[in-house]
Amino acid sequence: MDIQRDRLFKALLTAARHADDTAILTTYLSQLGRGHRKYGTAPTHYPAVGECLIDALARHASRTWNDATQAAWVRVYTAISQIMIDAAAEDERSSPPWWQAEIVGHEPRTPDVAIVTVRPDQPYPFLAGQYASVETPWWPRVWRHYSFSCAPREDGLLSFHIKAVPAGWVSGALVHRARPGDVIRLGPPAGSMTVDHGSDSGLLCLGGGTGIAPIKALVEDVVRHGRSRPVEVFYGARHDDDLYDIDTMLRLQKSHRWLSVRPVISDGPTLGLSGQLPQVVRKYGPWNAYDAYLSGPPGMVRSGVDTLVGIGIPAHRIRHDSIDELMASAAG
């Protein structure tokens with residue numbers, strides 16, 4: 001429940017931060033509303049949550065709480081919940097609250113990393129660079145986010161790169177316990193780290209650890225659209241042995257002249273590039289004609305964004321998943 005409490009608080013803060021930007025606020029809350037369907041959330045649940053929230057605020061802010069404050073909070077919460085309810089209702093007309101997906105491939109790559117391939121029971125619409133929330137049969141109602149490691153495929157199969165983290169219930173089960181034939185559940189796709197195929201800009205991609213998964217999907221997406229545009233991939237890991245998917249990336253590089261793949265090692269000896277991933281990227285470029293994509297541990301993403309902004313890439317051309325979602329995934 002601590003995670004749910006923190007997510008509720010984050011949602012309220014985000015709503016307050018974007019209160020004057022209707023487009024951003026509606027997009028954010030609509031995605032939340034659609035995502036809540038997988039928990040079985042119904043329209044009747046929202047008033048109950050609102051009453052509890054306002055009671056808690058009144059109790060803990062008693063010195064400043066008055067009728068005007070309560071009326072303002074009621075208006076805000078009503079508006080927030082209605083956007084989420086409407087988005088869920090619209091989504092219900094075309095999509096299930098979740099998809100059942102059978103594991104058809106389980107390939108260990110390192111002692112704590114596995115590539116898991118699944119076949120959904122219904123068509124699963126998504127874009128390369130997005131992620132899905134995943135629930136396993138061993139931990140019901142515990143969902144964690146994982147990025148797709150492939151672009152949409154004709155056979156409908158989906159793949160994820162899963163790293164088992166300490167005390168990670170879902171990740172540990174998917175790496176060490178899951179086998180072909182097991183069935184997991186997928187929530188709806190989310191995330192905006194997708195390619196703008198109407199642009200001629202190059203792609204600068206930083207993938208750390210299993211963060212290479214959505215980067216690989218983006219490369220496949222460029223291939224699918226048949227346009228030759230420069231794609232520069234920096235693949236970071238602590239040691240050479242942690243570059244578990246480097247052979248795949250190098251095969252893609254060999255097949256496509258517009259793709260460059262550079263492995264970067266932060267600790268230990270290597271025949272390639274060494275150092276912290278964002279700092280190594282700084283030595284190349286210039287990157288002013290590129291859109292940037294970052295995926296990996298939260299610290300790497302933060303440092304990478306700071307570095308890229310510092311070398312002149314505008315913030316609106318830097319895409320990555322939400323830091324809060326990354327933190328949640330790193331814990332699970």
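Tutor: Two strands pair if DSSP finds at least two bridges between them; strands (E, at least two residues) and helices (H or I, at least four residues) are DSSP runs, numbered from the N terminus. This is a predicted model: local features need pLDDT of at least 70, side-chain atom pairs count only at pLDDT 80 or more, and totals for chains, interfaces and linings use all residues. Residues are numbered from 1 along each chain as its sequence is written, and side-chain values use heavy atoms, leaving out hydrogens and water.

Student: Which residue in strand 6 stands opposite Trp-99?

Tutor: Strand 1 and strand 6 run antiparallel and are joined by four bridges. Opposite Trp-99, strand 6 places Leu-186.

Student: Which strands stand at the edges of the sheet?

Tutor: The open sheet has six strands in the order 4-3-6-1-2-5, with antiparallel pairing. An edge strand has a single partner, so one of its sides is left without a neighbour in the sheet; this applies to strand 4 and strand 5.

Student: Are helix 3 and helix 4 roughly parallel or roughly antiparallel?

Tutor: The axes (lines fitted to C-alpha atoms over the stretch in contact, with angles from 0 to 180 degrees between N-to-C directions) of helix 3 (residues 45-60) and helix 4 (residues 67-92) come within 10 Å and cross at roughly 150°. Roughly parallel needs under 35 degrees, roughly antiparallel over 145. Helix 3 and helix 4 are therefore roughly antiparallel.

Student: Which residues of helix 5 are buried?

Tutor: Buried means under 20% relative accessible area (1.4 Å probe, protein chains only). In helix 5 (residues 169-177) the buried residues are Val-170, Ser-171, Gly-172, Ala-173, Leu-174 and Val-175.

Methods
Angles under 35 degrees count as roughly parallel, over 145 as roughly antiparallel, 65 to 115 as roughly perpendicular and the rest as oblique. Buried means under 20% relative accessible area, exposed over 50%, partly exposed in between (1.4 Å probe, protein chains only).
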